[in-house]
There are 2 protein chains.
Amino acid sequence: MSPEAKVPQPSESLADSLMAPAGSADRIMAVAYELFSQRGVRDVGVNELIERSGVAKATFYRHFPSKDSLVLAFLEQRDRQWTMDMILSEARRRGSTPTAQLLAVFDVFGEWFLREDFEACSFVRVLLEMGPAHPLGQASIAYLDKIRGHVQAVAEEAGLVRPDEFARSLLVLMKGSVVQAAEGDMLAAGRAQQMAGWLVEHHRA
Amino acid sequence: MSPEAKVPQPSESLADSLMAPAGSADRIMAVAYELFSQRGVRDVGVNELIERSGVAKATFYRHFPSKDSLVLAFLEQRDRQWTMDMILSEARRRGSTPTAQLLAVFDVFGEWFLREDFEACSFVRVLLEMGPAHPLGQASIAYLDKIRGHVQAVAEEAGLVRPDEFARSLLVLMKGSVVQAAEGDMLAAGRAQQMAGWLVEHHRA
DNA sequence: GGGGGAAGACAGACTGGTCTTCCCCGCGGT
DNA sequence: ACCGCGGGGAAGACCAGTCTGTCTTCCCCC
C-alpha cells in the first residue's frame, strides 16, 4: 500500500540538472504518465516503459519495486496534475460564485473531450480494468471519492442543502459524460451541464 | 468485422442433445458469458475457457477462429440476454406508460446493482479496456448506440420533444450510475432516476 | 474406415522481475 | 596532479510464467 515510489525532490545540485535531461525517476514517471493516460495501465508493459524513457531495467526497479507501485505513483500524480490542476482549480477560476464553479466543471470537461489525446478518466479506467477488489482498483476508488469530497465542499460553500447527496449525483453526471465522450459523443458535457443545472436548482435552500 | 462466430443453432437431433450436456460451442459460450461478464475479457484466457468448458483446444478453435471472435459473439449474446431481456423488456413490463417505462429502467438498474455478481456494463468495460479504435471497442460502441436507439424509440412513444437529445442525456445518466455503482454507491440508480425525472419533465411537449 | 473430439505438446511472442557485465564519473588519498 | 576506488546507470541476458494459436496423437462412435 505504501507507494515507496518516491519522486525524487528537486534537491539536486544545479550543475547536474543542467546537463542531465532529468532524474531517472522523473523521466520514467513522465513516460508512464503519458502512456498510462492514453492507453491504460494494462496495455503498457515495463519493457516499453524503460525503452521509451531510455533507462535500464535495473534502474527502473531501483526506483519502483514493482510495476504496480509505479501505477500507484501514476494515480497519485494524476490526482495532482489532472484532478486538482486541470479540472478543479480551473473550474474554480472560471466561476465567480461557488454555484457557477460547480457548473463550470462541465465547461472544462467539454474542452477536455475535444482534445485528440482524450482517453477517458484514468481512475474509472483502472477501476474497470483491475476490478474493485484489486489494490489499484481500491486506490482509484479512493481518488474518485476524493473528487467527490471536493465537490461536496464547494456545494457547502454554495449553501446547497444535502451537499453529500448533491455531490454523489453530480459525480454520476461527471462519470456519465466522460464515458459518453469516450464513445464519441463530444456534446456529452453540455447535456450533463444542463442536468447539473436542474440538480443545483433542486438543492437550493 | 464479420463475426464468423456462429453460435450453432439448436438444430441438432434430439438424440445427441439428450446425452451430451450441450453442444461444444454452447458450452464455450456459456462459460465465456459468465467469465467475461464478471472479470472482463482481458482477464480471461483461452486456456481457462477450454478448461472450464471441458473442451479441447482444437475444438475451441474450430468453433471460434480466434479469441476476438468469441468476444464478438459474447457481446452479441450480451445484447440479446442482458440489454434486451434483462433490462429493456423488464423496464417495459414494469411501466404502464412509455414515460413510466423510461424511469423504470433505473428501478431495474437498482436491483441489478445489488446482485453480488454485478460487475459493471460489459460494453463500457470492453470499450475502456480495448479503446475505441479496436474492433471490439467499435462493436461495444455499436451496441451502446443500439441501446440509445431503443431509448429514443420509447421517448418517441411517450411524445417527448427532441427524443434524440433526450436519449443521449438519459444514457449519460445510465452510464454514470453504472460506473458509480461499480465504485460501491448502491444508491446510484435512485439518484439517476431523480435526474431522469427532471429530464422527462423538461422534454414534455 | 473415417470424422469429431479430448488431451496435450509445441511454437513464438510477450509478461514482470532478477542478475550480471561493463562503463563512466566523481570522490578521496597521497 | 594523479591514481584508484566505488557507486550509479546502461545494456541486456536470463527466468519462469503467461498469452494466443497450431499441430499431433489417440480414442470412440457412427
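This passage describes the relation between the two chains of a predicted model, and then the fold and surface of chain A.

Chain B is superposed on chain A by a rotation of 180° with 0.0 Å of shift along the rotation axis, and the RMSD of that superposition is 0.0 Å. This is the relation of a two-fold axis. Within chain B, the C-alpha nearest the axis belongs to B:G176, which lies 1.7 Å from it. The contact between the copies is formed by the same surface on each of them, since 100% of the contact residues of chain B recur in chain A.

Chain A contains 10 helices and zero strands, and its elements, taken from the N terminus on, accordingly read α-α-α-α-α-α-α-α-α-α. Of the 205 residues in this chain, 51% count as buried. When contacts in chain A between residues at least 6 apart in sequence are considered, 65% of them join residues that are at least 24 apart.

The accessible surface of chain A amounts to about 9,300 Å², and carbon and sulfur atoms account for 54% of that area. A nonpolar patch on this surface is formed by A:L114, A:M186 and A:L187, which together present about 330 Å² of accessible area. One of these residues, A:L187, is placed in the loop between α9 (163-182) and α10 (188-202) of chain A. With a relative accessible area of 59%, A:L187 is classed as exposed, because the cut-off for that class is over 50%.

Key
Residues numbered from 1 in each chain as written. Chains lettered and ligands numbered in written order. Predicted model: local features only at pLDDT ≥ 70, side-chain atom pairs only at ≥ 80, totals over all residues. Heavy atoms only, no water. Least-squares fit on C-alpha atoms with pLDDT ≥ 70 in both. Contact = heavy atoms within 4.5 Å. Helix = DSSP H or I, 4+ residues; strand = E, 2+ residues; numbered from the N terminus. Buried < 20%, exposed > 50% of the residue type's maximum accessible area, 1.4 Å probe, protein only. Areas by Shrake-Rupley, 256 points an atom, 1.4 Å probe, with all protein chains shown as cover. Patch = residues over 30% accessible without salt bridge, like charges linked within 9 Å, V, L, I, M, F, W, Y side chains within 5 Å. Salt bridge = Lys/Arg side-chain N within 4 Å of Asp/Glu carboxyl O.
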